[in-house]
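Please look through the sequence and the model shown here, and then follow the account below, which goes from single residues to domains and back to helices.

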Amino acid sequence: MNSNNVTVVGLQWGDEGKGKIVDALAANSDMVSRYCGGANAGHTVKVGDEKYAVHLVPCGILHEGVMNCVGNGMAFDPVTALGEVEHLQGRGVHVGPDNFSISEAAQVVMPWHKLQDTLNEESLGKAKIGTTARGIGPCYCDKANRSTAIRVADLLDADGLTEKIARVAGIKQVTFEALYNYKGEIDVEGITAEFIEIGKKLAPHIRNTGALLRRATAEGKRVLFEGGQGTMLDIDHGTYPFVTSSSVSACGVPAGAGVAPKSIGTVVGIMKAYTTRVGAGPFPTELDNEIGDAIRKAGNEFGTTTGRPRRCGWFDAMVVKYTADLSGVDELAVMLLDVLSGLDELKICVGYKVDGVLQEDFDPANLADVECVYETLPGWSEDITGVTSYDDLPANAKAYVTRVSEVVGRKVGIVSIGPDRKQTLVYNTGIEGIFG
Ligand code: IMP
């Protein structure tokens, strides 16, 4: 194992607060690479009074001297990426070829992918997945289909791109008309002109990122792999079909970044102190009541990407134990503990029953009918957002974190008590030197 590298993965249904931890870890990394998903992710980082929301550019961009990579496993939307780069530059953040690289093998999200995402969801009616409408699923469909895919490298060849766009757009036009009774017309000329132009602008950033990451690892530098979404949304291991279309657990890092499995290094699992989910699908500990409303309000649980209100519920240790096992998590970061302040008592789901029988194995595809077995712990009333050391947390807050750690079976290295970098309590991490 290369002990210098670190992988950060979400252990629930996304939005666990990965951005803040990636940002903190990036300060001590040489490279940061994403490996899954695309602009469906939304990472928020607060630096001083400034708040940055990034969707495609890795969070390490806010640190000097860190190379940030869009991995080959991503669904890369060049329009969004360029907008993000220009936005960051406009706010004085340096983004250049020396700190932002895009894999030539990443898939390009085309305008027809976004259109198809929306048309498809509309056609599904009540059975819709509740996607972010960023074209992620249709883009990965074309990746698997191969003949209708456009890769980042194609953006560098204007003639080839013109030919490909004309051919693929023709196929999409006919398909959408037949499948969705689509009456519009895909603007082939406009898209071609726009993407050739974008290709020129992004060209200095496009390279073989896998080679860069493997070299850095071999040289003993520290690479940070930044997960998107959460493991319960993993295409293979999540609550299928209510999932995203890529491998978001740590299992996705080698394929999605182009590195050896042994290179993923220390795996940090990010979890909220409670549970949230956006979009449709089963959610055993969901609180469709005033406690859920209170958590949503206190945690500002509205999507970074779509603004949708998130569904909220108690902490589900069954979920996190499963996802931590899957990714081989070495330590947990417990996020948003402060949101639970003021609740009289807190519940943790420690088991599932089906027809009254306690389940031995966790089956992500069969969560709809489980009955949760809860443990109840006393809450705390103190505002903990100003606490500066783990030891100074109220006894009940510490007892809650300890119990979470016990039932999940992993040590807790970091506790977060607010959005600011300063509001991070580090007390038992194995990542040497990472927090200086
Ligand atoms: P898609 O990734 O846009 O296809 O959406 C599929 C499912 O994953 C939907 O339920 C989305 O709400 C969810 N999803 C995708 N990305 C994220 C994320 O970054 N955070 C939370 N949920 C997400």
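C372 counts as buried because its relative accessibility is 15%, where buried means under 20% relative accessible area, exposed over 50% and partly exposed in between, for a 1.4 Å probe and protein chains only. This is a predicted model, in which local features need pLDDT of at least 70 and side-chain atom pairs count only at pLDDT 80 or more, while totals for chains, interfaces and linings use all residues. Residues are numbered from 1 along each chain as its sequence is written, and side-chain values use heavy atoms, with hydrogens and water left out.

C372 is found in strand 18, residues 371-378; helices (H or I, at least four residues) and strands (E, at least two) are DSSP runs numbered from the N terminus. Setting aside residues up to four places away in sequence, C372 touches P284, T285, C349, G351 and Y352, contact meaning heavy atoms within 4.5 Å. G90 lies 282 residues from C372 along the chain, and the C-alpha atoms of the two are separated by 49 Å.

The wider frame is given by the domain assignment, which divides the chain into domain 1 (6-103 + 205-266), domain 2 (107-202) and domain 3 (271-426), with bounds that come from an automatic or database domain assignment. Between the centres of domain 1 and domain 3, taken over C-alpha atoms, there are 24 Å, and the contact takes 35 residues from domain 1 and 40 residues from domain 3. About 2,900 Å² is buried between domain 1 and domain 3, and carbon and sulfur atoms give 61% of that area; buried area here is the accessible area (1.4 Å probe) that two parts lose on being put together, summed over both. L11, W13 and K20 supply 26% of the area that domain 1 buries against domain 3, more than any other three residues.

K20 deserves a look of its own. K20 lies in helix 1, residues 18-26, and counts as buried because its relative accessibility is 9%. Apart from neighbours within four places in sequence, K20 is in contact with T44, M335, S416, G418, P419, D420, R421, Q423 and T424. A polar atom of the K20 side chain lies 2.6 Å from the backbone oxygen of G418, a polar contact being a pair of N or O atoms within 3.5 Å, where within protein one must be able to donate a hydrogen and the other to accept it, and residues adjacent in sequence count only if both atoms are side-chain atoms. D420, one of the residues in contact with K20, is found in the loop between strand 19 (411-416) and strand 20 (424-426). D420 is buried, with a relative accessible area of 13%, and touches K20, K46 and G48 when residues up to four places away in sequence are not counted.

S327 offers another buried site, in helix 10, residues 317-327, where its relative accessibility is 5%. Leaving out residues up to four places away in sequence, S327 touches V9, T231, S249, A250 and V267, and a polar atom of the S327 side chain lies 3.0 Å from the backbone nitrogen of A250.

Which residues of helix 2 (residues 78-90) are buried? They are P78, A81, L82, E84, V85 and L88, and seen down the axis of helix 2 they fall within an arc of 160°, so they line one face of the helix; the arc is that of the directions from the helix axis to the C-beta atoms. These buried residues pack against strand 4 (50-54), strand 6 (75-76), strand 7 (100-103), strand 8 (107-108) and helix 6 (188-202). At the N-terminal end, D77 caps helix 2 with a side-chain oxygen that lies 3.0 Å from the backbone nitrogen of V79, and just after helix 2, G92 takes a positive phi of about 85°.

In helix 7 (residues 209-218), the buried residues are T209, G210, L213, A216 and T217, which fall within an arc of 135° down the helix axis and so line one face of the helix. Their packing partners include strand 2 (31-34), strand 5 (67-70) and helix 8 (253-258), and G220, just after helix 7, takes a positive phi of about 80°.

Some backbone details remain. A cis peptide bond, with omega of about 5°, joins Y240 and P241, and P241 lies in the loop between strand 10 and helix 8. D15 has a positive phi of about 60° although it is not a glycine, and D15 is partly exposed, with a relative accessible area of 25%.
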